[in-house]
Amino acid sequence: PDDLVNQPDIYASAAKLARAYGCTHIIDLGVGKGDKIPLYLSEFQVIGVDVPELVERHRAALDIGWIAWDFDQPEILRIAPDILRKSVIICADVIEHLVHPEYLLATLRGMLDHAPAAVISTPDRDRARGFADFGPPANGFHVREWNLAEFERLLRAAGLRPEFTGYTR
C-alpha cells in the first residue's frame with residue numbers, strides 16, 4: 001500500500017539503532033536464509049539464529065555466526081552478556097509462527113537485560129485483512145496474529161517495555 005512507502009525497513013531500523021548505540025553486532029532471530037544480512041556484513045558481525053533445519057540448510061551460503069535453536073521450546077537462548085551489550089536484536093516474521101510465543105518473549109526479555117535494543121515485527125492482522133477478521137490466520141503457517149494494540153499489550157505482558165510501536169515495510 002502507498003502508506004508503506006515512507007515507513008522504515010526493519011533491517012534498516014536495526015542498523016540505524018546499532019550505529020546509534022555504537023554496536024558491533026546484529027543478532028537476527030529467525031534469520032532464515034539471511035538474504036538481508038549481506039547488506040550489513042561489512043559493518044557488523046552478524047549472528048543468525050534459526051531452527052536447526054534452516055541453519056544446516058543455509059550455513060554454507062552465508063559466513064556469519066550461526067546458532068540452531070527451537071523457538072517453540074521453553075529453553076532460553078543463551079548468548080554471552082558481553083556480546084549482547086554490543087548487539088541490536090532483530091526478530092522479524094517469527095512470533096506469528098509459534099505455538100508458544102511466550103518462550104521467544106522470555107528469551108528476548110533476558111537478552112534485553114544486556115542488549116541496548118531490539119526490533120520486533122509481525123504482520124498486523126487489521127491492516128492485512130481488515131478489522132472484522134479475527135482469524136484463523138489466512139496464512140496457514142501462522143498460528144496467530146495481532147493488531148498493533150494487541151501486540152503492544154502482549155509485549156508489555158511479557159515484561160518488555162516498547163519504546164516505540166508502529167509500522168514498517
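This is a selection-by-selection tour of a predicted model.

**Stop 1: strand S1**

Select residues 25-29, which form strand S1. Five of the five residues in S1 are buried. Colour the two faces separately: His25, Ile27 and Leu29 lie on one side, Ile26 and Asp28 on the other, and both faces are covered. In a regular strand, side chains alternate between the two faces of the sheet.

Now add the neighbouring strands. S2 covers residues 45-50, and S4 covers residues 87-92. S1 and S2 run parallel and are joined by five bridges. To see one of these pairings, pick leucine 29, whose bridge partner in S2 is valine 49. S1 and S4 are also parallel, again with five bridges between them. Here the pair to pick is histidine 25 with serine 87 of S4.

**Stop 2: helix H1**

Select residues 10-20 for helix H1, and show the side chains of its buried residues: Ile10, Tyr11, Ser13, Ala14, Ala15 and Ala18. What do the buried residues of H1 pack against? They pack against strands S1, S4 and S5, the last of these being residues 117-121.

Move to the N-terminal end of H1 and select aspartate 9, which sits in the segment before the helix. Aspartate 9 caps that end, with a side-chain oxygen 2.8 Å from the backbone nitrogen of tyrosine 11. The side chain of aspartate 9 also places a polar atom 3.1 Å from the backbone nitrogen of alanine 12. Is aspartate 9 buried or exposed? Its relative accessibility is 17%, so it counts as buried, the cut-off being under 20%.

At the other end, select glycine 22, just after H1, where phi is positive at about 70 degrees.

**Stop 3: salt bridges**

The whole structure contains five salt bridges. Start with arginine 19 and glutamate 43, whose side chains meet at 2.6 Å, N to O. Arginine 19 belongs to H1 and glutamate 43 to the loop between S1 and S2, so the pair ties together parts 24 residues apart in sequence. Both partners are partly exposed: glutamate 43 has a relative accessible area of 39%, and arginine 19 has 45%.

Next, select arginine 125 and glutamate 150, which form a salt bridge at 2.8 Å, N to O. Arginine 125 is in helix H5 (residues 125-129) and glutamate 150 in helix H6 (residues 148-157), so this pair links parts 25 residues apart in sequence. Arginine 125 counts as buried at 6% relative accessibility, whereas glutamate 150 is partly exposed at 22%.

Stay on H6 and select glutamate 152 with arginine 156, where the closest N and O atoms of the salt bridge are 3.0 Å apart. These two residues are four places apart in H6, which means they are separated by about one helical turn. Arginine 156 is partly exposed at 44%, and glutamate 152 is partly exposed at 23%. Then add Asp126 to the earlier pair: salt bridges with shared partners join Arg125, Asp126 and Glu150 into one network.

**Stop 4: the ends of H6**

Select asparagine 147 at the start of H6; a side-chain oxygen there comes within 3.2 Å of the backbone nitrogen of alanine 149. Just after H6, glycine 159 has a positive phi of about 90 degrees.

**Stop 5: helix H4 and the cores**

Select residues 101-111 for helix H4, whose buried residues are Pro101, Leu104, Leu105, Ala106, Thr107, Leu108 and Met111. Those buried residues pack against S1, S4, S5, H6 and helix H3 (81-84).

Now show the largest nonpolar core, which has 24 residues. Ile27, Leu29, Val49, Phe71 and Leu104 have the most contacts inside this core. S1, S2, S4, H4 and H6 each supply at least two of its residues. Which element gives the largest share of this core? H4 does, with four residues.

Centre the view on leucine 104. Leaving aside residues up to four places away in sequence, leucine 104 touches Leu29, Trp69, Phe71, Cys91, Val94, Ile95 and Leu98. Finish with a second, separate core of 14 residues, among them Ala18, Ile90, Ala117 and Val119. Ala18 was already selected among the buried residues of H1.

Technical notes
Residues numbered from 1 in each chain as written. Predicted model: local features only at pLDDT ≥ 70, side-chain atom pairs only at ≥ 80, totals over all residues. Heavy atoms only, no water. Buried < 20%, exposed > 50% of the residue type's maximum accessible area, 1.4 Å probe, protein only. Contact = heavy atoms within 4.5 Å. Polar contact = N/O pair within 3.5 Å; in protein donor to acceptor, adjacent residues only side chain to side chain. Salt bridge = Lys/Arg side-chain N within 4 Å of Asp/Glu carboxyl O. Core = buried A, V, L, I, M, F, W, Y, C linked by side-chain atoms within 4.5 Å. Pairing = 2+ DSSP bridges.
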